[in-house]
Amino acid sequence: MANLARRKVTNLFNTAVISSDAFRYSFSLSSSTFSRGFASGSDDNDVVVIGGGPGGYVAAIKAAQLGLKTTCIEKRGTLGGTCLNVGCIPSKALLHSSHMYHEAKTTFAKHGVKFDNVHVDLAEMMGQKDKAVSTLTKGIESLFKKNKVTYVKGHGKFLSPSELSVDTIDGGTTVVKGKNIIISTGSDVKGLPGITIDEKRIVSSTGALALTEIPKKLIVIGAGYIGLEMGSVWARLGSEVTVVEFAPDIVPSMDGEIRKQFQRSLEKQKMKFMLKTKVVAVDTSTDVVKLTLEPSAGGDQSVLEADVVLVSAGRSPFTSGLGLENIGVETDKIGRIPVDSRFSTNVKGVYAIGDVIPGPMLAHKAEEDGIACVEFIAGKEGHVDYDKVPGVVYTHPEVASVGKTEEQVKELGIAYTVGKFPMLGNSRAKSIDDAEGLVKIIAEKETDKVLGVHIMCSNAGELIHEASLALTYEASSEDIARTCHAHPTLSEAVKEAAMATYDKPIHI
């Protein structure tokens, strides 16, 4: 067995440098030549970050840790960006709360926990969500203070490649100067022609996180990550949910086999799907919203009614209003900013990271961009391998993946093997009566190198990182299989799937 992971770890301790196809990081033991300090709005900074979301605030903290005088500009007035304020964090709070309610209502009795009159206090549930958001945003502000990052609340616009005019939220104006400026302004909801989002009856994900009543009928336009998660929340709380999707499949980036099982699971939870369907008209003139639908390829129309419609057709990079035209920063036809391998735009000293550049629009991808970008600015080395960024759908069961799908491997013409293990064979999953799903591993046939891992089960979002590490260090499925996994744990299913990839599993 060629234990690639073990060899790479040995090399790490021998050379203090990690080097692989996945990333390159150099570690310097010498002290930084930069001085760290507080900057006022008009002081020259080493780094100025526009945007305080996951990419921006992480970049700002890392820059300060590397000894760079740093300022972060955020127009929202609270740090954390879309993810923390109206995205990842509040949605996960509601996913957890709604799951607890659903479990109490449907499965607790099987575990001997019995009580009457289970009901939803939606205001209390929303309050818990808001508290989580507030606590975390204040936590980032504390991290800024700890690391001596100056925080400017306002909207920044380029005056020159090294100067920004900031309209502060208190009504003033200031100029922030920086030797290096990082654009990390994230993304916004992608609208659909003819549909006006009012955040009351026709809502984006933002409005779906703040409904004051549980809709009797909810239509979700778009069967991607966000649409399925938010649809799942309201379905658990009692809404009749129908998902309308233009494409022939839900989550088209997902492995095909996993996707089909995932859809069946959601259908068992009473979510309905209308695939290969497009919205051609919206009528809000009555007490209900009426959507006129027709097949994506054309055909007979139908009308679907709902109390609330969630538009979840993706996101667009937020690059307007920054004054990019003032300094000549180029954008592509959908507003993204092209960058080189060091996150530099076509204008010297101006960088871009996260959702405003090509690549997956994920918070953790933006964080990695931010760290790598400021390492380059500080004279170090950084790299992000977008082929090894994990993705997670936080429904129940969760679906998580990293690396290539079986369809992608086939398209590349790579000879491969597949190992699968059902959660029904996992003792921990059976003991907690939560055994829906499977683990699927795809490996190169000749070398046994892991190419992709796809997991559908409870806590798949936690299990996937073993696979991410395996791909990063070019491990084989045998490497995973010969790694001792604690018993009884859900992670044993990953070990068994790895055994099935290069040999045979034990427990099925």
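**View 1. Lining of the largest cavity.** The residues that line the largest cavity divide into six nonpolar, two polar and no charged, where Ala, Val, Leu, Ile, Met, Phe, Trp, Tyr, Cys and Pro count as nonpolar, Asp, Glu, Lys and Arg as charged, and the others, Gly among them, as polar. This is a predicted model, in which local features need pLDDT of at least 70 and side-chain atom pairs count only at pLDDT 80 or more, whereas totals for chains, interfaces and linings use all residues. Residues are numbered from 1 along each chain as its sequence is written, and side-chain values use heavy atoms, with hydrogens and water left out. The lining consists of Tyr-225, Met-254, Gly-391, Val-392, Val-393, Val-399, Ala-400 and Ser-401; a cavity is a set of points, on a 1 Å grid over the protein atoms alone, where a 1.4 Å probe fits but cannot get out, and lining residues have an atom within 4 Å of a point. Strand E19 (391-393) and strand E20 (398-403) each supply at least two of these lining residues, strands (E, at least two residues) and helices (H or I, at least four) being DSSP runs numbered from the N terminus. The structure holds one cavity of 30 Å³ or more, and the largest cavity encloses about 30 Å³ of space, a volume being the space filled by probe spheres set on grid points joined across faces, edges and corners.

**View 2. Two cis peptide bonds that precede proline.** The bond from His-396 to Pro-397 is cis, with omega near 0°, and Pro-397 is found in the loop between E19 and E20. A second cis bond joins His-487 and Pro-488, with omega about -5°; Pro-488 has its place in the loop between helix H14 (477-481) and helix H15 (492-502).

**View 3. Positive phi at Glu-199 and Phe-343.** Most residues other than glycine have a negative phi. Glu-199, in the loop between strand E8 (187-189) and strand E9 (202-203), has a phi near 60°, and Phe-343, in the loop between helix H9 (324-327) and strand E18 (350-352), has a phi of about 70°. Glu-199 is partly exposed, at 33% relative accessible area, whereas Phe-343 is buried, at 5%; buried means under 20%, exposed over 50%, and partly exposed in between (1.4 Å probe, protein chains only).

**View 4. The loop that holds Val-113.** Val-113 is found between helix H4 (88-106) and helix H5 (122-147), and counts as partly exposed because its relative accessibility is 40%.

Technical notes
1 Å grid on protein atoms, 1.4 Å probe; cavity = no way out; pocket = protein on both sides within 12 Å on 5 of 7 lines; lining within 4 Å.
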